[in-house]
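Hi,

Here is the structure I promised to pass on. Have a look at it first, and then read my notes underneath.

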Amino acid sequence: MEIALAHPALKAFMCGSLSGTCSTLLFQPLDLVKTRLQTLQNNMHPGAPKVGMITVFFNVIRTEKLLGLWKGVSPSFMRCIPGVGIYFSTFYSLKQHFFQDRSPSAGEAVLLGAGARCVAGVAMLPITVIKTRFESGRYNYISVAGALKSVCQNEGPRALYSGLTATLLRDAPFSGIYVMFYSQAKKALPQEISSSSFVPLVNFGCGVVAGILASLATQPADVIKTHMQVSPALYPKTSDAVRHVYAKHGLSGFFRGAVPRSLRRTLMAAMAWTVYEQLMAHMGLKS
């Protein structure tokens, strides 16, 4: 009864939070593998075999057991549950305010998705920094609260906002590109398909296509963000991290971890949007 009487934006927040919970738990191992790949020390001698996603995956299981793949899941939950909720409630509010009587165009969809992501990204950045450090394996934090306290005491509160520019350069375009392709793909579908019982499957398929394109476009910014958040003292500026990655690994360095990140971001976004839209429809709200 209380949920039924809740404000539509609050309903969107709850739907987004629930969808974020499901996708975070399922795909956390891919995020951990991506972070490890991006922060690998380049001490291998010339001609040594390249370390890939599968190698890192099994190395984590061998050294940290199976549950090691879910290292950093606590900050992931703390980031994604409210973060996805903030994203979807902001998205819903902006859409209702500016596009109540019509669907946004492709360009407007980019701005809509990017705007909602900027709000959520800035709000949750301190937790994102802690999550990245947990996953890197370079810090011995015991809890999220302890990690936040340690960073504030040893590095100052400003360290919790390290990589802000890179994060926004990654998340805003990702969400903008994703929403554009997702909405345009759904719009292009025949009416009989978009109103059939296969709607969740269709939404998921549109989400996968949109996610792959958006992930590849924003991968360099993700690599920069990871370096800045794991080692803020070494890379105080975005340009420092860019120079380091290019000097060490060349252009290919900006696409390290692209496979696990693309898999995770694509499947997470597709699942989150599918669950969100189904829950919103169940509540009688237009997503």
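Below are my notes on the repeats, the cores, the salt bridges and one surface patch.

This is a predicted model, in which local features need pLDDT of at least 70 and side-chain atom pairs count only at pLDDT 80 or more, while totals for chains, interfaces and linings use all residues. Residues are numbered from 1 along each chain as its sequence is written, and side-chain values use heavy atoms, with hydrogens and water left out.

An unreviewed UniProt entry lists "repeat: Solcar" for residues 7-97, 104-188 and 198-282; such annotations may be inferred rather than shown by experiment. Residues 104-188 are 79% helix and 0% strand, with end C-alpha atoms 14 Å apart. For residues 198-282 the figures are 81% helix, 0% strand and 15 Å. Helices here are DSSP runs of H or I with at least four residues, strands are E runs of at least two, and both are numbered from the N terminus.

The largest nonpolar core (buried Ala, Val, Leu, Ile, Met, Phe, Trp, Tyr and Cys joined through side-chain atoms within 4.5 Å) has 32 residues. Helix α11 gives the largest share, 8 residues. Trp273 is among those with the most contacts inside this core; beyond four places in sequence, Trp273 is in contact (heavy atoms within 4.5 Å) with Tyr87, Phe88, Phe91, Tyr178, Val179 and Tyr182.

Now to the charges. There are 15 salt bridges, counted when a side-chain nitrogen of Lys or Arg is within 4 Å of a carboxyl oxygen of Asp or Glu. Asp222 in α9 and Arg261 in α11 are 39 residues apart in the chain, yet their side chains meet at 3.6 Å, N to O. Both are buried, meaning under 20% relative accessible area, where exposed is over 50% and partly exposed lies in between (1.4 Å probe, protein chains only). Salt bridges with shared partners join this pair into one network that includes Lys131, Glu135 and Arg170. Lys131 and Glu135 pair at 3.1 Å, 4 residues apart within α5. Thr218, also in α9, touches Arg170 and Arg261, among others, and is buried because its relative accessibility is 2%.

Finally, Phe181, Val209 and Leu213 make a nonpolar surface patch of about 250 Å². Patch residues have over 30% relative accessible area and no salt bridge; like charges are joined within 9 Å, and nonpolar side chains (Val, Leu, Ile, Met, Phe, Trp, Tyr) within 5 Å. Areas come from the Shrake-Rupley method with a 1.4 Å probe, and for residues only the protein chains shown count as cover.

Best wishes
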